[in-house]
Amino acid sequence: MSYTIKINTVINSKVTDLDFNNIPLGRTFTDHMFVCDYDNGQWVNPEIRPLEMIPTHPAAMALHYGQAIFEGMKATLDEVGTPMLFRPEKNAERLNFSARRMGMPEFPEALFIEGLKQFVSVEQGWIPPQEGSALYLRPFMYADEPFIGMRAATHFKFIIIASPSGPFFNKRIKLFAETKYIRAAHGGTGEAKAAGNYAAAIRPTELAKSKGYDQVLWLDAQNFNTIQEVGTMNIFFKIDGEFLTPKLDGAVLNGITRLSVIDLLRDFGYQVKERDISMSEIIEAEEKGTLEEAFGTGTAVAIAMIQEIGYKDQKIHVSNESPVGQKILDTLNGIRNGKIEDKFNWMVKVEKELA
Ligand SMILES: Cc1ncc(COP(=O)(O)O)c(C=O)c1O
């Protein structure tokens with residue numbers, strides 16, 4: 001099915017005000033937004049139009065009952081300046097997974113991809129060309145029906161906005177393994193990218209930061225021993241030459257970087273196991289000297305090397321003797337900028353000129 005997307009562009013782009021070498025994180029937005037309404041059981045009126053405030057009824061159900069989900073992805077430029085998306089079909093699938101879990105309508109995947117492509121084509125002047133920089137894309141859906149009462153809403157908005165982002169400074173990070181608060185339990189919403197998951201994580205993250213840590217390492221809800229994931233990243237450990245990452249058990253987000261890193265590690269010849277990993281096992285590996293490396297994976301930073309994990313009254317030091325993470329980071333960035341062959345066919349090119 002092909003969709004007709006109405007396009008109404010600005011006359012003067014604000015991109016001329018942007019210093020691409022000094023992009024304020026998360027605060028700069030492009031000129032347009034993609035908007036589509038869910039009305040009478042259908043997605044209607046897909047449109048790209050100038051970014052503006054959206055009037056919101058104070059009874060909009062997302063504000064009260066939290067039916068709100070989102071995605072995060074990046075557009076980059078290849079060597080000849082063609083905009084590209086990284087595995088957008090995976091974000092479309094995950095958005096719909098989240099929608100089903102949260103009692104929200106699925107968004108047609110073909111319209112998701114077409115809307116993104118046209119939106120990125122319109123905003124291509126905002127894609128920073130530097131390696132490690134990108135145009136961050138934020139597709140999201142929320143219940144905008146005004147209603148007081150606990151039921152699934154019947155009116156929703158699906159929107160895509162974009163924000164240019166510079167390269168992240170890749171310092172090794174410190175994690176605080178949380179033993180009081182939890183992010184997700186089996187049967188909860190951990191595998192959905194639901195706004196409420198992040199709301200519940202804000203206070204514990206602020207507390208971890210006040211103790212000198214960068215992010216929270218989330219553990220299982222029963223014993224605070226099985227490792228789930230990091231703030232906005234999945235996690236990998238290299239123990240005795242082999243890579244381990246927590247299996248997807250319903251409480252862990254199915255990260256698209258995680259999936260891609262598993263493929264890259266296997267392609268480099270490493271064994272990767274997706275299974276339960278306990279804190280006791282990590283402590284034992286540190287004691288034996290076999291905890292060779294650990295890193296987080298996620299769209300924002302791609303790879304973040306881990307230096308230390310605080311757990312109860314212990315500090316677990318992670319060695320950095322075999323930085324495979326750096327090789328993975330360089331490979332991901334290289335694929336995203338067309339400098340390294342995309343042998344997995346992950347990149348989706350965007351037409352420079354709209355049809
Ligand atoms: C809780 C959480 N886990 C993991 C990830 C990594 O997912 P992805 O690689 O798709 O960005 C994210 C970021 O989206 C996240 O918010």
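A polar contact here is a pair of N or O atoms within 3.5 Å. Keep that in mind as we look at the ligand in this predicted model, where local features need pLDDT of at least 70, side-chain atom pairs count only at pLDDT 80 or more, and totals for chains, interfaces and linings use all residues. Residues are numbered from 1 along each chain as its sequence is written, and side-chain values use heavy atoms, with hydrogens and water left out.

Start with Tyr198: one of its polar side-chain atoms sits 2.5 Å from a ligand oxygen. Lys193 also reaches a ligand oxygen, with a side-chain N or O atom 2.7 Å away. Glu229 instead faces a nitrogen of the ligand, at 2.4 Å from a polar side-chain atom. How much of the ligand's own accessible area does the protein cover? Out of 380 Å², 96% is covered (areas by the Shrake-Rupley method with a 1.4 Å probe).

Now the wider shell, meaning residues with a heavy atom within 4 Å of the ligand. There are 16 residues around the ligand, and Thr257 and Thr299 are among those that come nearest. The shell splits into four nonpolar, eight polar and four charged residues (Asp, Glu, Lys and Arg count as charged; Gly is among the polar ones).

Away from the ligand, the whole structure holds 15 aromatic pairs (ring centres within 6.5 Å; planes under 30 degrees apart are stacked, over 60 edge-to-face, the rest tilted). Phe112 and Phe158 make a tilted pair, because their planes stand at 50°, with centres 6.0 Å apart.

Key: Polar contact = N/O pair within 3.5 Å; in protein donor to acceptor, adjacent residues only side chain to side chain.
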